[in-house]
Amino acid sequence: MRIAVTGATGNVGTAVLRRLARDDHEVIGVARRIPDAPIEGEPAEWRSIDLTADSANDLAEAFARADAVVHLAWGFQPSHDLAYLRELGVGGTRRVVAAAATAGVPHLVHMSSLGTYAPRRDDTPVAEDWPHDGVPTSRYSRHKAAAEKMLDDVESRGTIPTVTRLRPGIVGQRSAGSALLRYGVPGIVPARALDFLPILPLDRGLAVSVVHADDVADAVARVLDRKAAGAFNLASATPLTAADIAGVLGARLVHVPSAALRVVASAAWHLRLQQVDTGWLDMAFALPLLDSTRARTELDWAPTKDGVAVFREVVEGMRTTASGPTAVLRRRTVGQTLRDAARHGHVARRSRP
């Protein structure tokens, strides 16, 4: 098959390229910043396209003759630029949908998230029929829900014959270590600090669904092969808990209620000391766990790693600043963080009226 993949250079995208290469598909990789050197699973061709711009013609050309479009592109940084993040996530999805319809693509696979779901009532894992209205206090969650509402309209109108929504838990792999560290830990903190974490202040009630990037990529391949429509949850068999996180980090868990953590996180985010806004904490404690029965029964899909194994691999990637051959997965260092901050500050000053 000829398959176009947006966001092909990211955490999930690189895993999808590797997986589709194994099946000898003809892949068109779409990203704003394409790699300078060959990567594993190198697509047949790259297209440099900015999904926040008026890219309808470029996208339609990239999707021409495609049997499917796999839409993975999404943004997480800069977390203070909310207009940009919405334009990339929601606006980018709108442009991809329009271009796929124009090009006559018969199958759209949209990478949604557990973040699309409404808050849980208890710890019982939920199936795909759980309301997908998002967590109101999380911008990321609201954007994911808005993108799915767009797909509701696409399905009702029959604009694209087959629409698939994949809703994975938190996705990790070793090569995303630098990228996740860059987002989750203040830039002036060296990666080796993870080796000297005596305590972990965290609400002991935390439990979240996670999944390995390669397992998500396997689900993508199965959906494409079977032309499966509808929504599919993707999660490891066991969730990741606060106790698990402390154990992998070699730290002692100290219970701190989520409300208190939120106050600290909010202050640090507003002071621009770290990138994680309070919406991510709200999601972590509000979102339901995922029931992946439908993927198991209809796709014969099964995760190869449990939640602890996925997190252990990610932490090892963080400690060693593991990276990939793309701009998104570039190596993270304190020096580079400071240089980036200085450059961005200079650009911001020049752009003021």
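Me: In which helix do E298 and R294 both lie?
Reply: In this predicted model, the side chains of E298 and R294 meet in a salt bridge, with 3.0 Å from N to O. The two residues are four apart, about one turn of the helix. The helix that holds both E298 and R294 is α10 (residues 293–298).

Me: Are E298 and R294 buried, partly exposed or exposed?
Reply: A residue counts as buried under 20% relative accessible area and as exposed over 50%. The relative accessible area of E298 is 41%, and that of R294 is 21%. Because these values fall in between, E298 and R294 are each partly exposed.

Me: Over the ring of which residue does the charged end of R294 sit?
Reply: Besides its salt bridge with E298, R294 has its charged end placed over an aromatic ring. The distance to the ring centre is 4.0 Å. The ring belongs to F232.

Me: Which residue forms a salt bridge with K305, and is that partner buried or exposed?
Reply: The closest N and O atoms of the bridge are 2.4 Å apart. K305 is partly exposed, at a relative accessible area of 30%. Its partner is E313, whose relative accessible area of 18% is under 20%, so the partner E313 is buried.

Me: Which elements are linked by the salt bridge of R167 and E148?
Reply: The side chains of R167 and E148 meet at 2.7 Å, N to O, and both residues are buried. They are 19 residues apart, and the pair links distant parts of the chain. The elements are strand β6 (residues 162–168) for R167 and helix α4 (residues 139–157) for E148.

Me: Which residues are linked with R167 and E148 in a network of salt bridges?
Reply: The structure holds 22 salt bridges, one of them between R167 and E148. The network that contains these two residues has further members. They are D152, E155 and R165.

Me: What is the bridge partner of R167 in β11?
Reply: R167 lies in strand β6. Strands β6 and β11 pair in the parallel sense, over five bridges. In β11, the partner of R167 is N233.

Me: Which strands stand at the edges of the open sheet?
Reply: The sheet has seven strands in the order β3-β2-β1-β4-β5-β6-β11, with parallel pairing. Each edge strand has a single partner strand, so one side of it is left without a neighbour in the sheet. The edge strands are β3 (45–48) and β11 (230–234).

Me: What angle does the direction of helix α2 make with that of β1?
Reply: The twist of the sheet averages 20 degrees from one strand to the next. Helix α2 (residues 56–63) packs on this sheet and touches β1 (2–6), β2 (26–31), β3 and β4. Another helix, α3, lies across β1, β4 and β5 (107–111), running at about 180 degrees to β4. For α2 and β1, the angle is about 145 degrees.

Me: How many residues apart are F76 and W280?
Reply: F76 and W280 form a tilted aromatic pair, with 6.1 Å between centres and 45 degrees between the planes. F76 is in the loop between β4 (68–71) and α3 (82–103), whereas W280 is in helix α9 (residues 278–286). Their separation along the chain is 204 residues.

Me: Over the face of which cluster member does K144 lie?
Reply: Ring pairs link W74, F76, Y140 and W280 into a cluster. K144 is placed at 3.8 Å from the centre of one ring. That ring belongs to W74.

Technical notes: Residues numbered from 1 in each chain as written. Predicted model: local features only at pLDDT ≥ 70, side-chain atom pairs only at ≥ 80, totals over all residues. Heavy atoms only, no water. Phe/Tyr/Trp six-rings, centres within 6.5 Å; stacked < 30°, edge-to-face > 60°. Lys NZ or Arg CZ within 6 Å of the ring centre and 35° of its normal. Salt bridge = Lys/Arg side-chain N within 4 Å of Asp/Glu carboxyl O. Buried < 20%, exposed > 50% of the residue type's maximum accessible area, 1.4 Å probe, protein only. Pairing = 2+ DSSP bridges. Axes fitted to C-alpha atoms, helices over the stretch in contact; angles between N-to-C directions. Contact = heavy atoms within 4.5 Å.
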